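Trainee: I should like to learn how cysteines, helix geometry and buried residues are read from a model. May we work through one case?

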Amino acid sequence: MVVVLAIMPVFGLIVLGYVLGWRQWLTPESMGGLTQLAFKVFMPAVLFTGIAKADLRHGLSPLLLLGYFGPVLLVFLLVNLFVHWRWREPTAFGLTASYSNNVLIGIPLVVNLMGEENLVYVFAILALHSLTLFAMQSFYTAFGGTEKVSIPELLMSLANPLIVGLLLGAAVNVSGLTLPGPIWQIATWLAQAGLPCALIVLGVNLSRYRLRPSLSVVGLTAIKLLVFPFVVWTVCLWLPGLSGAARSVLMLMAACPSGVNVLAFARTLEENRVVSSTVFLSTVLAVVTVPLWMALVGLNR
């Protein structure tokens, strides 16, 4: 019951955003402005203030990265091998099954369920999350098909305000620099607006998708919400020295629905339909699967 109450605000704001988009109470112009604010100002402030005051000694453990990215690589490879055998061409399905929405949903879930002190584990994963998965997808598309790897485009996809906020916060943390009180207060206020605004934006964006059920959509959703977190939890149990809190955070991040950024790698209309439907369905079903996972493994705070 505690877990359900903790995630209700997160998915409640997503539902609010969905209603706003479905009823068209936000004009395209206002929605565009809200999205720009959320991802270029508010969410970078969340990452900046969070990592600037985090205890990085625990978050930079190689075991932490192995516990998450080992299963990421396994799921990515196995799904792509099977789909490539069926479709005879590269797709974004492996990325869809292994790329979690760790910024928009992962951060608020960890804050509500585990506490802000455990965000350091999230930041450690986020530092390499997009870089690792987007690079793997780009190379897979190049070597598995006819397209070439575009290093400038790959770097441009990573040079976004979220990464900048993360790096600036890490720089402040490592350097020991103390920011003036007014500047830190401004950053804190911006960060406080970040999570609610971003969740509403996510809901509005979901209202634009249409769920087109298919065997591929159901299969990818099951892998993302059930298989992936199970593999992460199993691997983490075998890693010595990984704390219970770290294991729970990694499993929670793996249990998050597919991230909307995956749509950028869908190349055909059919692929776009499958990926967008998986993003939609996994977000809806995560309301059920996340509490189940947390109840099964226990809440290690």
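Mentor: We shall take cysteines, then a helix, then a single residue. This is a predicted model, in which local features need pLDDT of at least 70, side-chain atom pairs count only at pLDDT 80 or more, and totals for chains, interfaces and linings use all residues. Residues are numbered from 1 along each chain as its sequence is written, and side-chain values use heavy atoms, with hydrogens and water left out.

Trainee: How many disulfides does the structure hold?

Mentor: A disulfide is a pair of cysteine sulfur atoms within 2.5 Å. The structure holds 0 of them. For C197, the closest cysteine sulfur, in C256, is 19 Å away, too far for a bond. C236 is likewise in no disulfide, the sulfur of C256 being its nearest at 14 Å.

Trainee: Is C236 buried or exposed?

Mentor: Buried means under 20% relative accessible area, exposed over 50%, and partly exposed in between, with a 1.4 Å probe and protein chains only. C236 is buried at 0%, and C197 counts as buried at 9%.

Trainee: What span should helix α2 have?

Mentor: Helices are DSSP runs of H or I, at least four residues, numbered from the N terminus. The expected span is 1.5 Å times one less than the number of residues. For the 25 residues of α2 (residues 28-52) this gives 36 Å, and the end C-alpha atoms, 35 Å apart, agree.

Trainee: Which residues does L109 contact?

Mentor: Contact means heavy atoms within 4.5 Å. Leaving aside neighbours within four places in sequence, L109 contacts I7, V10, F11, M114, L252, C256 and V290. L109 lies in helix α6 (residues 102-114) and is buried, at 0% relative accessible area.

Conventions. Helices (H or I, at least four residues) and strands (E, at least two) are DSSP runs, numbered from the N terminus.
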